[in-house]
Amino acid sequence: MIPSLHGFISGDSHKGRSFFYAVLLGLFGLTFLRFSLQGTVFPVHRRAQLWSLIAFFLGFPALLAIPLYEVSGTGQFIDAYLDIVSTVTTTGLPVFAPGSLSETLVIWRVSLGWASGFLIWVFAWSIFAPLNLGGFEHLSACGEAMTQSRTARRSGGRLPAEKFWREALRLGPVYLWITLAAALMLLIVSGDPSYAILRAMATIATFGIEIPGHTGAGGITGEGILAVVMLFALSRSTFSTVFARARKWRVTEDRELRMAAGLVLFASLVLIAQGAQGLEGLRPRLELIWGAFFTSLSFLTTTGLTSDYFPSGIVNLDPVEIILVGLAMIGGGVATTAGGIKLLRIFILAGHSRAEVNRLITPSQVMSGQIESRSHDHHSAMLACVFLVLFILVLGAITLALTVSGSPVKEALYLTLATVTNTGPLLPTGGGAQTLVMALPTQAKLTLAAAMVLGRLEVLAILALLNPDIYR
């Protein structure tokens, strides 16, 4: 209804009618589906929830793509479908050329991405947490599993729908207040209501799309507000205390935030070293420092926004591309809207590697700590290693599939990284690459849609469908 109202208000009745008819069609179909299923008792099993998520990310966009295809008037239906899958998974893959979509379509994509980001939050806590998937398997190895908490014991016999609505009511006010606060502060510093609302909604959902006509609004202060919003995608401790051992958490004790701080600092130093050549004066160098920090934080949270103060000429340099790709592959925290491998897995693998190196250097050292704690650390490191290997295999398989469909190896690799990590802005936008996705054959576009869903649900969730008792 949001784009429908915007279309009628702006005087474009065709867009308003298209979205309004889509609303009627959707409500009609869902209402009769509800009537046909009323009174039906479905068996409750572990695999049903994951299949529901796959149906949501792959099936529901087919309905949402109808008004986009009717209104845009460009490309084929598969292009509209791919764009909606990119929006629902908060990937932000540039399917259509920049500036080709009207303001109504931009508002709709941002609204849909914002709502999908909230659903991803709810899915993580209501579906992945009870199944020990999506990074929650490492929390259980550390003694922080939901099954060990009082909340889980109270909700152990509840249906998945009841868990969904309980988590939606718990996280809804947090998500809404963060969005409203960010939009209000952006409005104060920029004076642009459209930019403030749309950018706040897209940032909290880590949906890094460009908003045409609002480049540079807000300045450094606006980017600072966005950086604060992005912090919520680095750790679950920033918005929830379900897994915290104490009600008050400390930044220095949060493993994900510590790892994020080290990665952002390292990446910023590399980006500053690449862009400092030829700069003179204090102001350009300070702007470069801020631009490097903001860009590093943005790609680590898989938002993919590039700072307006980061030199555009060095973005396509090989060292800079490698750093940004590495940050996007690592991704943000567990139970957030960020994609990627996740910071917690990287922290666990780094700690396990350090312990193994110390054991090789000093094999006669005396190990301290409880035996059970060491076994938990080993089990968690094994799961992180399994996920990393599967992630690399998926990258190779999707790259191979895109190459077989006719894409050059470099373009196939960038497309794979952008979709599997749910960081669409990783795809280069220069040199005619804005039409790269639309020029792909149909089988390649379907592969990209599957890759985005696979990146959002993670490989272990798909593996759990083949073996539901993998974490028993």
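Modeller: Before we start: helices here are DSSP runs of H or I with at least four residues, numbered from the N terminus. And keep in mind that this is a predicted model.

Biologist: Fine. In which helix does Thr87 sit?

Modeller: Go by the residue ranges. The run covering residues 77-88 takes in Thr87. That run is helix α5.

Biologist: Is Thr87 buried or exposed?

Modeller: Buried means under 20% relative accessible area. Leaving out neighbours within four places in sequence, Thr87 touches Arg109, Leu112, Gly113, Ser116 and Phe207. Its relative accessibility is 0%, so Thr87 counts as buried.

Biologist: Let's move to α6. How far apart are its end C-alpha atoms?

Modeller: Helix α6 covers residues 103-131, which is 29 residues. At 1.5 Å a residue that should span 42 Å, and the model agrees with this. The end C-alpha atoms are apart by 40 Å.

Biologist: Where is the kink in α6 centred?

Modeller: The helix bends by about 35°. Just after α6, Asn132 takes a positive phi of about 55°, but that's not the kink I mean. The kink is centred on Ala124.

Biologist: How many residues of α6 are buried?

Modeller: This helix is mostly covered. Out of its 29 residues, the buried count is 24.

Biologist: Now α10. Why call it largely enclosed by the rest of the structure?

Modeller: It's a helix of 12 residues, reaching 17 Å from first C-alpha to last, close to the 16 Å expected. Its buried residues include Tyr195, Leu198, Arg199 and Ile204. It is largely enclosed because, of its 12 residues, the number buried is nine.

Biologist: Which helices do those buried residues of α10 pack against?

Modeller: Look for contacts made by the buried residues of α10, Met201 and Thr203 being among them. Their partners are α6, α9 and α11.

Biologist: At what angle do the axes of α9 and α10 cross?

Modeller: The two axes, for residues 160-190 and 193-204, come within 8 Å. The crossing is right-handed. As for the angle, it's roughly 145°.

Biologist: And how many nonpolar residues does that contact have?

Modeller: On the α9 side you find Ile178, Leu186 and Leu187, among others, and on the α10 side Pro193, Ile197 and Met201 are included. Two polar residues and one charged residue take part as well. The nonpolar count is 13.

Biologist: Last one: how many helices does the chain have?

Modeller: Strands come to zero. In the chain of 472 residues, 49% are buried. The helix count is 19.

Note on methods
Residues numbered from 1 in each chain as written. Predicted model: local features only at pLDDT ≥ 70, side-chain atom pairs only at ≥ 80, totals over all residues. Heavy atoms only, no water. Axes fitted to C-alpha atoms, helices over the stretch in contact; angles between N-to-C directions. Helix = DSSP H or I, 4+ residues; strand = E, 2+ residues; numbered from the N terminus. Left-handed = near helix turned anticlockwise from the far one by under 90°. Contact = heavy atoms within 4.5 Å. Nonpolar A, V, L, I, M, F, W, Y, C, P; charged D, E, K, R; others polar. Expected span 1.5 Å × (residues − 1). Bend = angle between axes of the 7 residues up to and from the residue. Buried < 20%, exposed > 50% of the residue type's maximum accessible area, 1.4 Å probe, protein only.
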